[in-house]
Amino acid sequence: MRTPHVSDLTFETHAHPARRTSAERAALMENPGFGKVFTDHMVVARYSAGRGWHDARIQAREPIPLDPAAAVLHYAQEIFEGLKAYRTADGGAALFRADANARRFRQSAERMAMAPFPENAFVEAMHKLVQIDRDWIPDTPDGSLYLRPFMIANEAFLGVKPASEYLFVTIASAVGSYFKDPTGTVTVWISEHFTRAAPGGTGAAKCGGNYAASLAAQAEAARQGCEQVVFLDAAERRYIEELGGMNVFFVFADGTLQTPPLSDSILPGITRDSVITLAREAGLTVKEEPYTVDSWRADVRAGRLTEAFACGTAAVITPIGTVKGREDNFTIGDAVAGPVARRLRGMLVDLQRGTTKDSRGWFQKVF
Ligand code: PLP
Ligand code: COI
């Protein structure tokens with residue numbers, strides 16, 4: 001049976017005629033940073049209202065020809081995902097919860113009035129790209145192959161309406177850690193002026209527009225010497241929502257964890273969901289409840305809050321050391337990685353790399 005979630009779309013492989021040599025690859029991968037070193041191939045598929053999804057292929061990575069009237073260039077109908085393939089101890093590779101990314105990609109498409117990409121085809125595309133670009137998966141402890149699926153409206157038409165043509169693409173990037181110091185903490189800036197998402201808006205969708213809207217705040221943070229922005233709710237500017245590209249958790253002295261509840265203005269992070277599951281299984285209490293920035297400040301000063309950390313595919317689990325705002329700054333503990341963040345990070349990374357046994361179907365072997 002055909003549903004929008006499942007299709008019989010098949011990918012033809014047209015391998016790159018001149019892949020980079022192993023010496024070229026090694027030089028590029030020596031110190032890859034994040035999102036700068038790209039592999040030899042990409043996935044492409046096309047959608048038109050008449051034909052549905054078709055022409056799915058793995059091919060040489062190359063520029064995308066676009067009509068200057070393509071809807072994405074004018075009205076920003078664009079969504080994306082981010083997931084990683086990890087090197088396993090046996091020299092193979094695995095994905096982590098790729099089915100959850102496929103589902104969120106479909107939900108993002110629905111929110112942006114785009115054609116949903118079939119979930120089974122999404123997962124297959126990830127497997128095929130990891131297989132063909134397997135030599136680009138770093139084998140360093142912090143390294144992985146970051147996959148970036150995205151979809152754009154490429155119908156050439158200037159009327160404002162959902163487009164009738166879309167392009168699905170996935171590129172891959174050999175990455176190290178997202179932040180410069182993978183063992184350290186990050187400093188965050190509380191954005192009191194700019195907000196990221198509002199009730200009824202697109203905050204829960206992974207669309208490029210949300211990130212465009214976050215950049216002025218990110219630039220303000222950088223001017224204050226901060227790596228990330230903490231966004232507050234748009235209505236009252238009191239409740240903590242999430243960071244520019246990560247969800248956030250708080251750890252209290254009694255061992256309880258707390259994270260803002262999901263809403264239509266927060267991205268439902270797959271790492272967030274994994275952390276909640278792992279923490280609860282480890283016997284910790286996790287509350288999904290609103291938390292104000294005033295409580296954060298007061299709880300740190302009173303010693304009630306001992307840790308805070310950011311989490312996401314790119315960030316994994318990154319502890320927050322110092323919090324800066326317009327009025328004052330405060331530091332959590334001694335601004336070093338705390339024991340709860342370290343423990344949860346270890347549990348997560350061991351599952352992603354297959355060094356602990358997975359009973360939930362999260363660890364998905366590619367080869
Ligand atoms: N919040 C935002 C705004 C993000 O960009 C991301 C990263 O994808 C996350 C949260 C964390 O999501 P995930 O854990 O699925 O990577
Ligand atoms: C990810 O973690 O995949 C994101 O999209 C966030 C961004 C900071 C790279």
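**Two ligands and two cavities**

The space taken by ligand 2 is the largest pocket. Keep in mind that this is a predicted model.

Who surrounds ligand 2? Ten names to find on your screen. The aromatic ones include Phe-34, Phe-80, Tyr-146 and Tyr-178. Arg-148 and Lys-206 are there too. So are Gly-82, Gly-245, Thr-313 and Ala-314. By class, that shell splits into 5 nonpolar, 3 polar and 2 charged residues.

Now the polar contacts. Tyr-146 puts a polar side-chain atom 2.6 Å from an oxygen of ligand 2. The side chain of Lys-206 has an N or O atom 2.8 Å from a ligand 2 oxygen. Ala-314 works through its backbone: a polar atom there is 2.8 Å from an oxygen of ligand 2. On its own, ligand 2 has 280 Å² of accessible area, and the protein covers 89% of that.

On to ligand 1. Which pocket does ligand 1 take up? Again, the largest pocket. Around ligand 1 there are 17 residues. The closest are Arg-104, Tyr-211, Glu-242, Thr-271 and Thr-313. The shell has 6 nonpolar, 7 polar and 4 charged residues. Three elements each supply at least two of the shell residues: strand E12 (240-243), helix H6 (270-281) and strand E16 (305-312).

Contacts again. Arg-104 has a polar side-chain atom 2.8 Å from an oxygen of ligand 1. Lys-206 also has a polar side-chain atom 2.8 Å from a ligand 1 oxygen. You met Lys-206 a moment ago, beside ligand 2. Ile-270 offers a backbone N or O atom, 2.8 Å from an oxygen of ligand 1. How much of ligand 1 does the protein cover? It covers 96% of the 380 Å² that ligand 1 has accessible on its own.

Last topic: cavities. The count is 2 cavities of 30 Å³ or more. The largest holds about 110 Å³ of space. Its lining has 13 residues, and Tyr-86, Phe-96, Thr-271, Thr-313 and Gln-352 are the closest to its centre. Strand E6 (83-87), H6 and helix H8 (339-352) each give two or more residues to that lining. By class, the lining has 5 nonpolar, 7 polar and 1 charged. Look back at Thr-271 and Thr-313: both are also among the closest residues to ligand 1.

The second largest cavity has about 30 Å³ of space. Ala-71, Tyr-75, Glu-155, Phe-157, Gly-159, Lys-161 and Ala-163 line it. That makes 4 nonpolar, 1 polar and 2 charged residues.

Conventions:
Residues are numbered from 1 along each chain as its sequence is written. Chains are lettered from A and ligands numbered from 1 in the order in which they are written. This is a predicted model: local features need pLDDT of at least 70, side-chain atom pairs count only at pLDDT 80 or more; totals for chains, interfaces and linings use all residues. Side-chain values use heavy atoms; hydrogens and water are left out. A residue is near a molecule or strand if one of its heavy atoms lies within 4 Å of it. A polar contact is a pair of N or O atoms within 3.5 Å; within protein, one must be able to donate a hydrogen and the other to accept it, and residues adjacent in sequence count only if both atoms are side-chain atoms. Accessible areas come from the Shrake-Rupley method with a 1.4 Å probe; for residues, only the protein chains shown count as cover. On a 1 Å grid over the protein atoms alone, a cavity is a set of points where a 1.4 Å probe fits but cannot get out, and a pocket is an open set with protein on both sides within 12 Å along at least five of seven lines; lining residues have an atom within 4 Å of a point. A molecule sits in a cavity or pocket if more than half of its atoms lie within 2 Å of its grid points. Ala, Val, Leu, Ile, Met, Phe, Trp, Tyr, Cys and Pro count as nonpolar, Asp, Glu, Lys and Arg as charged, and the others, Gly among them, as polar. Helices (H or I, at least four residues) and strands (E, at least two) are DSSP runs, numbered from the N terminus. Grid points are joined across faces, edges and corners, and a volume is the space filled by probe spheres set on the points.
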